[in-house]
Amino acid sequence: MTKAEIGSREWFEVYLDAFNNNDFDGFSAFYAPDVEFYGQAANLKGPAQVIEFYTMVMDRIDEHVALKTFVGSKTNIAIELVTTLKFKKDWPDFAPGPMKAGDHREAVNFVFYDLNEKGLFTRIRSARYAVIRER
């Protein structure tokens, strides 16, 4: 992954960079075998379910996350980020509401990560705070 200290902002930015570049191997390397993901659109267990979900998502949208606030340790990370979604396809059952190809959405989200002793994510909890822009 990286030589940066586990739980540091620099270490975490490697994860975000992999996510933003659709590098499934790169971002899933941060997941423990028993990772649990709790978000607005899905509750998932295990890296395979997370990858399957994001494969479907990234087929429908271009997603980019920008880190705004970071608080981290070797056991827990709390972040605030801006998520920008550009829809490539219609998504009538999108969790926050139907979207069409060409739509654009920006939202502020809070995400909390629990890490195990190896520095892998065991639990990820995400919540939308506010929609900034939708068109």
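Leu-16 is found in helix α1 of this predicted model. With a relative accessibility of 7%, Leu-16 counts as buried, because the cut-off for that class is under 20%. Leaving out residues up to four places away in sequence, Leu-16 touches Val-65 and Leu-67. The second of these partners, Leu-67, stands 51 residues from Leu-16 in sequence, yet the C-alpha atoms of Leu-16 and Leu-67 are 8.3 Å apart in space.

The same helix also carries aromatic side chains. Helix α1 spans residues 9–20, and Phe-12 and Tyr-15 are three residues apart in it, which means that about one helical turn separates them. A pair of aromatic rings is described by the distance of the centres and the angle of the planes. The structure holds 25 aromatic pairs. One of them joins Phe-12 and Tyr-15, with 5.5 Å from centre to centre and 45° between the planes, a tilted arrangement. Both Phe-12 and Tyr-15 are buried. Tyr-15 also pairs with Tyr-113: the ring centres are 6.0 Å apart and the planes meet at 80°, so this pair is edge-to-face, since planes over 60 degrees apart fall in that class. Tyr-113 belongs to strand β5, residues 104–115, whereas Tyr-15 lies in helix α1; the pair therefore ties together parts that are 98 residues apart in sequence. Like Tyr-15, Tyr-113 is buried.

Beyond helix α1, the chain enters the loop that leads to α2 (24–28), and Asn-22 lies in this loop. The phi angle of Asn-22 is near 55°, a positive value in a residue other than glycine. Asn-22 has a relative accessibility of 37% and so counts as partly exposed, because that class lies between the 20% and 50% limits.

Strand β4, residues 76–87, offers a further point of reference, for Thr-83 has its place there. At 9% relative accessibility, Thr-83 counts as buried. When neighbours within four places in sequence are left aside, the contacts of Thr-83 include Glu-63, His-64 and Val-65. Arg-105, Glu-106, Ala-107 and Asn-109 are also in contact with Thr-83. Val-65 is thus a contact of Thr-83 and is also touched by Leu-16. Thr-83 and Val-108 are 25 residues apart in sequence, and 6.3 Å separates their C-alpha atoms in space.

These local features can be placed in the overall fold. The protein has three helices and six strands, and from the N terminus on its elements follow the order α-α-β-β-α-β-β-β-β. The radius of gyration is 15 Å, close to the 14 Å that the globule rule gives for 135 residues, so the protein is as compact as a globular protein of that length. Along the principal axes, the C-alpha atoms fill a box of roughly 40 × 30 × 20 Å. Among contacts between residues at least 6 apart in sequence, 52% join residues at least 24 apart.

The interior and the surface complete the picture. Buried residues make up 44% of the 135 residues. The protein exposes about 7400 Å², of which carbon and sulfur atoms supply 50%. Of its charges, 17 are positive and 20 negative, and the mean positions of the two sets are 3 Å apart.

Conventions. Residues numbered from 1 in each chain as written. Predicted model: local features only at pLDDT ≥ 70, side-chain atom pairs only at ≥ 80, totals over all residues. Heavy atoms only, no water. Helix = DSSP H or I, 4+ residues; strand = E, 2+ residues; numbered from the N terminus. Rg over C-alpha atoms; globule rule 2.2 N^0.38 Å. Buried < 20%, exposed > 50% of the residue type's maximum accessible area, 1.4 Å probe, protein only. Contact = heavy atoms within 4.5 Å. Areas by Shrake-Rupley, 256 points an atom, 1.4 Å probe, with all protein chains shown as cover. Lys, Arg positive; Asp, Glu negative; His and termini not counted. Charge placed at Lys NZ, Arg CZ, Asp CG, Glu CD. Phe/Tyr/Trp six-rings, centres within 6.5 Å; stacked < 30°, edge-to-face > 60°.
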